[in-house]
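Let's take a friendly walk through this structure together. Please have the sequence and the 3D view open as you read.

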Amino acid sequence: MSHTAHIPSHRKPRRSASKMALRAGVAGGVLSTLAVAAAAGTATAAEPVTETIEMPTLTTDLSTQIAQSADATQQTADSYELRAEQDAAAVKAAKQAKEDQATAKKKAEAKAKAEAAAKKKAEEERASRSTERTTLSASSSGSSADADVPPASGNVGSVISFLKAQLGDAYVMGASGPNAWDCSSLVQAAFKQAGVDLPRVSQDQSVAGTPVSLSNVQVGDILYWGGAGSAYHVGVYIGNGQYLDAANPGKGVVVQDLSGYPADGAVRVL
């Protein structure tokens, strides 16, 4: 036995390896937890503190601004479109006005030409009638107008000369010459050449002179159609079974045969 065996030992008994490993694992876990917490704390401390904005309010204001901006953009687009339409309409109207002006000018020129041609024709016709009247007057001054017409130097001759000078004139109801007549105005104007003032209308002319039978009618007698005092048409007998009258709008002043349109009566003024 050792000389020290009776002395108690002060050394602590050795721990087992398993216990030491357990303690080391626990210590490591604690240290790891502390390290994570410290890192988290450091990261949190590094982040700036900001004020929280309520998202509903931000979203509403932004939506209103976007809507207002969209409305303004649409209004601008509409304004440009309206301006473009107005400009196009103005161009179209100007073009149409130019075309209308050109058409009106052509029509005016055509009308002026037609009027000039009509005026020239009328002048030629008047000149022709004037020549014809002069010729008839000259030929009537010393000869008979027809085989049974008295000399033109008498009153009847002047009536017949005037009537024949109006051949070809127009018939117009109510007209009184010099280039258009109705039946009674022509008869009235013809007898005025002989100094006889007849009534204006056919009804009165049919009773203005001495009644004669149609079998005894002479050159210069007034023929009438209808009843005496109610005649609707008059003419003047010029001999050879013919009379001269302002017949109707279709014929104008013409010479016609009594056989084709027999009169109802006659009166003698001269």
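What follows is a short tour of the aromatic pairs and of a glutamine. Keep in mind that this is a predicted model.

The structure contains three aromatic pairs. Start with F162 and W181, whose rings meet edge-to-face, with 6.0 Å from centre to centre and 85 degrees between the planes. This pair links distant parts of the chain: F162 sits in helix α3 (residues 155-165) and W181 in strand β2 (residues 180-181), 19 residues apart. Both F162 and W181 are buried.

Now turn to W225 and Y261. Their ring centres are 5.3 Å apart and their planes lie at 15 degrees; the pair counts as stacked because planes under 30 degrees apart fall in that class. W225 belongs to strand β4 (residues 222-225), while Y261 is found in the loop between β7 (253-257) and β8 (265-268), so this pair ties together parts that are 36 residues apart in sequence. Is each partner buried or partly exposed? W225 has a relative accessible area of 1% and is buried, whereas Y261, with a relative accessible area of 34%, is partly exposed. W225 and Y261 also join Y243 in one aromatic cluster.

Finally, go back to F162 and look for Q166, which is placed in the loop between α3 and β1 (170-171). Q166 has 4% relative accessibility, so it counts as buried. Its side chain reaches the backbone oxygen of F162 at 3.0 Å. From Q166 to W181, the C-alpha to C-alpha distance is 9.2 Å, and the two are 15 residues apart in sequence.

Technical notes:
Residues are numbered from 1 along each chain as its sequence is written. This is a predicted model: local features need pLDDT of at least 70, side-chain atom pairs count only at pLDDT 80 or more; totals for chains, interfaces and linings use all residues. Side-chain values use heavy atoms; hydrogens and water are left out. Rings of Phe, Tyr and Trp (its six-membered ring) pair if their centres lie within 6.5 Å; planes under 30 degrees apart count as stacked, over 60 as edge-to-face and the rest as tilted. Helices (H or I, at least four residues) and strands (E, at least two) are DSSP runs, numbered from the N terminus. Buried means under 20% relative accessible area, exposed over 50%, partly exposed in between (1.4 Å probe, protein chains only). A polar contact is a pair of N or O atoms within 3.5 Å; within protein, one must be able to donate a hydrogen and the other to accept it, and residues adjacent in sequence count only if both atoms are side-chain atoms.
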